[in-house]
Amino acid sequence: MLSKSQARAFFLGGTFLFSAIFVFLTIDTLRQNDARTNAQNLTEDVRKGKEIWEKNNCMGCHTLLGEGAYYAPDLTKVVERRGVSWIDVFLDDPQAMFPGERKMVKYNFTKEEKGQIIAFLDWVGKIDANGWPPKPNIPVDSIATAVAPLTTATNAIKLAQPEKFSQLCVACHAVGGKGGNVGPALDHVGSKFDADYLNRWLTDPQAIKPGTNMPKLPLNDTERKDIVTYLSALK
């Protein structure tokens, strides 16, 4: 049993010790704050993007750095995961990218507003958050490879995918068991359609098939040619 004076000393000593630790950790956190948040990259576009994020209550569905709602995906690393081009197209019309699946509102953002949102999300994704969000122990790619059919489709993934294809197309289409399932798999698309048809399809899907869910992608001539060449080789 502690005497009254010993208990008082123990209480005061513990209070002082842990208060000192708390102050030290607070100062240390503030000292590292600018470096860990890349404060030098807080451009006007990033600030405007944050204003748009808050104005539209995006955290009512999404999370950033673990804060927000869990109705929709965490967007902390969305730029790293999806790429700028994909996000730019997605924000035009979420339903077109995932017909019948996405509940996200079509906000009709201007090109400038989309750039500001992407700038904000890119800045958030580069914050040093001690490994948040955690990555899965088993890479998704290894799972997809494991279930891929042992046909020429498996060999298709060995072909070098154009950058725009890996940024945009795989969100909806799969090749060799890897990719989305919104649209049809493209493993043998080169056997079904010639290069001219594929080029016209990528130029304006609605002109070829009115009412299709395929959005018109922002591709320049070189990017479209690279994708057509790649798809033509999938036979």
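Trp86 and Phe90 both belong to helix α4, which covers residues 84-92. The two are four residues apart, and are therefore separated by about one helical turn. In this predicted model, their rings form a stacked aromatic pair. The centres are 4.9 Å apart, with 10° between the planes. An angle under 30 degrees counts as stacked, so the pair falls in that class. Trp86 is buried. Phe90 is buried as well.

A search of the whole structure returned five aromatic pairs. Another of these joins Trp53 and Phe120. Here the geometry is tilted, with 55° between the planes. The ring centres lie 6.0 Å apart. Trp53 comes from helix α2, whereas Phe120 comes from helix α6, residues 111-125. The pair therefore ties together parts that are 67 residues apart in sequence. Both Trp53 and Phe120 are buried.

Helix α2 also contributes to the surface. Glu44, Asp45, Glu51 and Glu112 gather there in a patch of negative charge. Helix α2, residues 44-55, gives the most to this patch, with three residues. Glu51 is a patch member that lies in helix α2. Its relative accessibility is 45%. Exposed requires over 50% and buried under 20%, so Glu51 counts as partly exposed.

Side chains of opposite charge can pair when their charged atoms come close. Eight salt bridges were found in a search of the whole structure. One of them links Arg224 to Asp221, at 2.8 Å from N to O. Both residues lie in helix α13, which spans residues 221-232. They are three residues apart, about one turn of the helix. The two partners differ in exposure. Arg224 has a relative accessible area of 13% and is therefore buried. Asp221 reaches 57% and is therefore exposed. Salt bridges with shared partners also join Asp88, Asp92 and Lys114 into one network.

A further salt bridge is formed within helix α11, residues 195-203, where Asp196 and Arg200 both lie. Their side chains meet at 3.2 Å, N to O. The spacing is four residues, again about one turn of the helix. Asp196 has 48% relative accessibility and so counts as partly exposed. Arg200 is likewise partly exposed, with a relative accessible area of 39%.

Asp122 and Lys126 form another salt bridge. Their closest N and O atoms are 3.3 Å apart. Asp122 is partly exposed, with a relative accessible area of 26%. Lys126 counts as exposed, because its relative accessibility of 52% is over the 50% cut-off.

Definitions and conventions:
Residues are numbered from 1 along each chain as its sequence is written. This is a predicted model: local features need pLDDT of at least 70, side-chain atom pairs count only at pLDDT 80 or more; totals for chains, interfaces and linings use all residues. Side-chain values use heavy atoms; hydrogens and water are left out. Patches are made of residues with over 30% relative accessible area and no salt bridge: like charges are joined within 9 Å, nonpolar side chains (Val, Leu, Ile, Met, Phe, Trp, Tyr) within 5 Å. Accessible areas come from the Shrake-Rupley method with a 1.4 Å probe; for residues, only the protein chains shown count as cover. A salt bridge is a side-chain nitrogen of Lys or Arg within 4 Å of a carboxyl oxygen of Asp or Glu. Lys and Arg count as positive and Asp and Glu as negative; His and the chain ends are not counted. The place of a charge is taken as NZ of Lys, CZ of Arg, CG of Asp or CD of Glu. Buried means under 20% relative accessible area, exposed over 50%, partly exposed in between (1.4 Å probe, protein chains only). Rings of Phe, Tyr and Trp (its six-membered ring) pair if their centres lie within 6.5 Å; planes under 30 degrees apart count as stacked, over 60 as edge-to-face and the rest as tilted.
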